[in-house]
Amino acid sequence: MAKKQSDHRFVYYDPNMERATEQRIEMTHALRKAYADEALCVWYQPQIDLANREVIGLEALLRWPQADGSMIGPDVFIPVAEYSGLIIELGEWVLNQACLMLKRLEHAGHRNLRIAVNVSMPQFRQTEFPAQVARHLKYHGVNPQQIELEITESVIMDEPDTVVNVLRKLKTLGVQIALDDFGTGFSSLNYLRQLPLDRIKVDRSFVQALDRPSGAIIAETIVRLGQRLKLHTIAEGIETERQELLMRAMNCAEAQGFLYAKPLPADELMAFLAKCPKP
Ligand code: C2E
Ligand code: MG
Ligand code: MG
Ligand code: MG
């Protein structure tokens, strides 16, 4: 028996598929419950200026703590949340948390940090998404420049025209837009030119391959492309001094990675920032 998938490819029936569907439904219920119980949390990973290692921003990353103290990572539950549409509520909640965090940072004297929030396709598809973002910014009295929305190439190529339109509306609000995991998808360079982007994020896979010619060439090409398009570039997943050195030599201006800090719970982040020099 052939089953039709949403992307119009046909796959042959596999008994494991039913089990996978069951697991997905179970996880959706558990995730919805965790959200309702306010059990989810947002951790923040610092982003730094490669010239001086000062913290210039943070990326908000969802976490799902389990009763046994372990953590289910977003790579596992975000696809489930996207499939079920739950990501629409979760994403709005993360944005709200990011706005609250900006206020907390401001009170602690960190006035110029930006917070990047990941946005999924189902959120973009809602026509009210830009209005929703505007409402949160206004409610919290947040400077729009301090919010960055991260989208991936797959989001763009899914429905390029919708995304270009939505991004243009978002830009009029004053928020920043970053293209996440750049180089791992199939974005057409033509769209890259049309999109109102502020920043591209060099994917961790290229940073990790910097010691191989292929990795170094790709990373350098992405950084150059960013420069030519007058975009900021940030290297993801910097873990070693050597990777930092190589990215800095390419004139990549910003970085994020375990070398500087892992994603941190809110209180740990505040303690981390208190020890950092303020830009
Ligand atoms: P991403 O947006 O590309 O986020 C960066 C991921 O790289 C994070 O994984 C971060 O912990 C990890 N990372 C950062 N530096 C290093 C490093 O030096 N080494 C290694 N090995 N990893 C590093 P995380 O938190 O597990 O998130 C995975 C993905 O889940 C994110 O990838 C993003 O696509 C998605 N995600 C997370 N939170 C949200 C959210 O609130 N909404 C949506 N739509 N997606 C989210
Ligand atoms: Mg991201
Ligand atoms: Mg990324
Ligand atoms: Mg990713």
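Contact here means heavy atoms within 4.5 Å. By that yardstick, and setting aside residues up to four places away in sequence, L273 touches V55, L105, H110 and L113. The model is a predicted one, and L273 makes a handy way into it. This leucine belongs to helix α12. With a relative accessible area of 3%, L273 falls under the 20% limit and therefore counts as buried. One of its partners comes from far off in the chain: V55 and L273 are separated by 218 residues in sequence, yet their C-alpha atoms are 8.0 Å apart.

L105, another of the residues that L273 touches, leads over to helix α3. The axes of α3 (residues 87–107) and α12 (residues 266–274) come within 12 Å of each other and cross at roughly 35°. The crossing of α3 past α12 is right-handed. On the α3 side the meeting residues are M101, R104 and L105, while α12 brings A266, D267, L269, M270 and L273. Sorted by type, the residues of this contact come out as 6 nonpolar and 2 charged, with no polar ones.

Helix α3 also holds L102. At 5% relative accessibility, L102 is below the 20% cut-off, so it goes down as buried too. Neighbours within four places in sequence aside, L102 is in contact with L113, I115, V142, Q146 and I147. L113 thus turns up twice, as it is also on the list of residues touched by L273. In space, L102 sits 9.0 Å from H140, C-alpha to C-alpha, with their positions 38 residues apart in sequence.

Now for the metals. Four residues coordinate the magnesium ion (ligand 2), namely E59 (OE), N118 (OD1), E150 (OE) and D180 (OD), at 2.0 to 2.2 Å. Written as a sequence pattern, these donor residues are spaced E-x58-N-x31-E-x29-D. Two of them tie distant parts of the chain together: E150 lies in strand β7 (residues 147–152) and D180 in strand β8 (residues 176–182), 30 residues apart. Both E150 and D180 are buried.

The magnesium ion (ligand 3) takes its protein donors from D180 (OD), D181 (OD) and E236, the last of these giving two OE atoms, at 2.0 to 2.5 Å. The spacing of the donor residues here is D-D-x54-E. D180 appears at each site, and it bridges the magnesium ion (ligand 2) and the magnesium ion (ligand 3), which lie 4.1 Å apart. The two aspartates that follow one another in this pattern get different labels for accessibility: D180, at 6%, counts as buried, whereas D181, at 25%, is partly exposed.

E236, a donor to the magnesium ion (ligand 3), falls within the span of strand β10 (residues 232–236). Of the 5 residues in β10, 4 are buried, so the strand is largely enclosed by the rest of the structure. Strand β9 (residues 199–202) pairs with β10 in the parallel sense over 4 bridges, and R199 has H232 as its bridge partner in β10. Strand β11 (residues 254–256) pairs with β10 as well, again in the parallel sense, over 3 bridges. In that pairing, the bridge partner of I234 is E254 in β11.

Note on methods. Residues numbered from 1 in each chain as written. Chains lettered and ligands numbered in written order. Predicted model: local features only at pLDDT ≥ 70, side-chain atom pairs only at ≥ 80, totals over all residues. Heavy atoms only, no water. Donors = N, O, S within 2.8 Å, 3.2 Å for Na, K, Ca; no water. Helix = DSSP H or I, 4+ residues; strand = E, 2+ residues; numbered from the N terminus. Buried < 20%, exposed > 50% of the residue type's maximum accessible area, 1.4 Å probe, protein only. Axes fitted to C-alpha atoms, helices over the stretch in contact; angles between N-to-C directions. Left-handed = near helix turned anticlockwise from the far one by under 90°. Nonpolar A, V, L, I, M, F, W, Y, C, P; charged D, E, K, R; others polar. Pairing = 2+ DSSP bridges.
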